[in-house]
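Please open the model in your viewer and keep the sequence panel beside it. The tour below goes from one selection to the next and says what is to be found at each stop.

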Amino acid sequence: MNTVQGFYFDTVCAITAEADESVLNEALQLCPSYERLMSRFIEGSDVWRLNHAEGVPVEVSEDTLTVLHCADSVRRASGGAFNIAVGAASKLWKFTGENPVIPSDAELDTAADELREFFIAFEGPFVTISPGACIDLGGVAKGYICDKIADALRERGVESALLNFGGNITTIGLHPKGRPWQVGLQKPDAARNEAVFAAVESTDSAVVTSGVYERSFVQEGILYHHILDPRTCRPATSNLVSVSVVSESGMLADALATAILVLGAEQGFALTQKYGVQAVLLTYDGKLTYTQDMRLTLIQH
Ligand code: AMP
Ligand code: MG
């Protein structure tokens, strides 16, 4: 098996497969092209143009359109717990930078008021968002991109692969040893790829984890993390520390994992039922719950 990796979407993206390295590198090179469409930081990207359009319709690529439609569906279904317009608040917290800050209550309350007014409208390839809104596809785009890169690999004849894009796992076929891929679910306090508390079987599916520990800081004993409740623009306060969603669609799994982390178990499981996906939820005090059909192996340490 060969592995190639690169740093995209602010995370390490790795592809492991039974294929020539040249095939894998070609697939990995799709990352920067998707980044150029969907990053809010890259001038001229679809998202950048939307964020600077001041309410004028913007023509976007088919890829961006697909992600925006999915995000809109999950926003409605989650009662606004998932909302890409949270970008306005993410900007205030600066979680993507070196030095996150705690914005003032006034700033956050204003951002939350503006978020309540957010609208998005679709007409063919044209998308209109409220003037002044800032959308951020960080909660959903990586899932979509993994789906597309897996499709590209399949088209090149790859029959066995695992994509690991920092918490977003997508598998193709079976592990070369002929069994389903086993995807480890990481303990919240462990460094990436270290201790896992469970393993999920995956064959041609995505396992996407949202964790508060991915980007967070502690100040005066309080943990501040990057998954924001759009209703308050402050870090989500459900008692969940991580949520993993399994689905054929990495894009859907990605959006739902973020949404469930905001909503908590009860409303979260209502969402898994609505969309027909499996999920594993872990609380801060170590309580594990999961959907009935989840194929999970618990790992004791
Ligand atoms: P994920 O790791 O998929 O849960 O995505 C987290 C990222 O999505 C954050 O770093 C933000 O860029 C963005 N985000 C944070 N909170 C939300 C939310 N409630 N709805 C949509 N996107 C969010
Ligand atoms: Mg997500």
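Two strands are said to pair if DSSP finds at least two bridges between them, and the elements themselves are DSSP runs numbered from the N terminus, with helices being H or I runs of at least four residues and strands E runs of at least two. This is a predicted model, in which local features need pLDDT of at least 70 and side-chain atom pairs count only at pLDDT 80 or more, whereas totals for chains, interfaces and linings use all residues. Residues are numbered from 1 along each chain as its sequence is written, chains are lettered from A and ligands numbered from 1 in the order in which they are written, and side-chain values use heavy atoms, with hydrogens and water left out.

**First stop: the sheet with β9**

Select residues 196-202, which make up strand β9, and add β18, with which β9 pairs in the antiparallel sense over three bridges. Within this pair, A199 stands opposite T297 of β18. Adding β8 completes an open sheet of three strands, antiparallel in its pairing and ordered β8-β9-β18. Because β8 (181-186) and β18 (296-298) each have a single partner strand, they stand at the edges, and one side of each is left without a neighbour in the sheet. From one strand to the next, the twist averages 25°, where axes are lines fitted to C-alpha atoms (for helices over the stretch in contact) and angles run from 0 to 180 degrees between N-to-C directions.

**Second stop: β6 and its partners**

Move to residues 161-165, strand β6, where four of the five residues are buried (under 20% relative accessible area, with exposed meaning over 50% and partly exposed in between, for a 1.4 Å probe and protein chains only). Strand β2 (residues 11-17) pairs with β6 in the antiparallel sense over five bridges, and T16 has L162 as its bridge partner there. Strand β7 (residues 168-172) is also antiparallel to β6, again over five bridges, with A161 opposite I172. The two strands β6 and β7 form a hairpin with two residues between them, and in the turn G166 has a positive phi of about 45°.

**Third stop: H225**

Next, select H225, which lies in strand β12 (residues 222-225). Is H225 buried or exposed? With a relative accessible area of 2%, H225 is buried. Two polar contacts (pairs of N or O atoms within 3.5 Å; within protein, one must be able to donate a hydrogen and the other to accept it, and residues adjacent in sequence count only if both atoms are side-chain atoms) can be displayed here. The H225 side chain reaches the backbone nitrogen of I227 at 3.2 Å, while a polar atom of that side chain lies 3.1 Å from the backbone oxygen of A236. Leaving aside neighbours within four places in sequence, the residues in contact with H225 (heavy atoms within 4.5 Å) include F95, V212, L261 and Y284.

**Last stop: ligand 1**

Finally, centre the view on ligand 1 and show the 15 residues around it, of which D136, S210, L228, D254 and T258 come nearest (a residue is near if one of its heavy atoms lies within 4 Å). Backbone N or O atoms of A81 and L228 lie 2.9 Å and 2.7 Å, respectively, from a nitrogen atom of the ligand, and one of G139 lies 3.1 Å from an oxygen atom of ligand 1. On its own, ligand 1 has 500 Å² of accessible area, of which the protein covers 91%, the areas coming from the Shrake-Rupley method with a 1.4 Å probe and, for residues, only the protein chains shown counting as cover.
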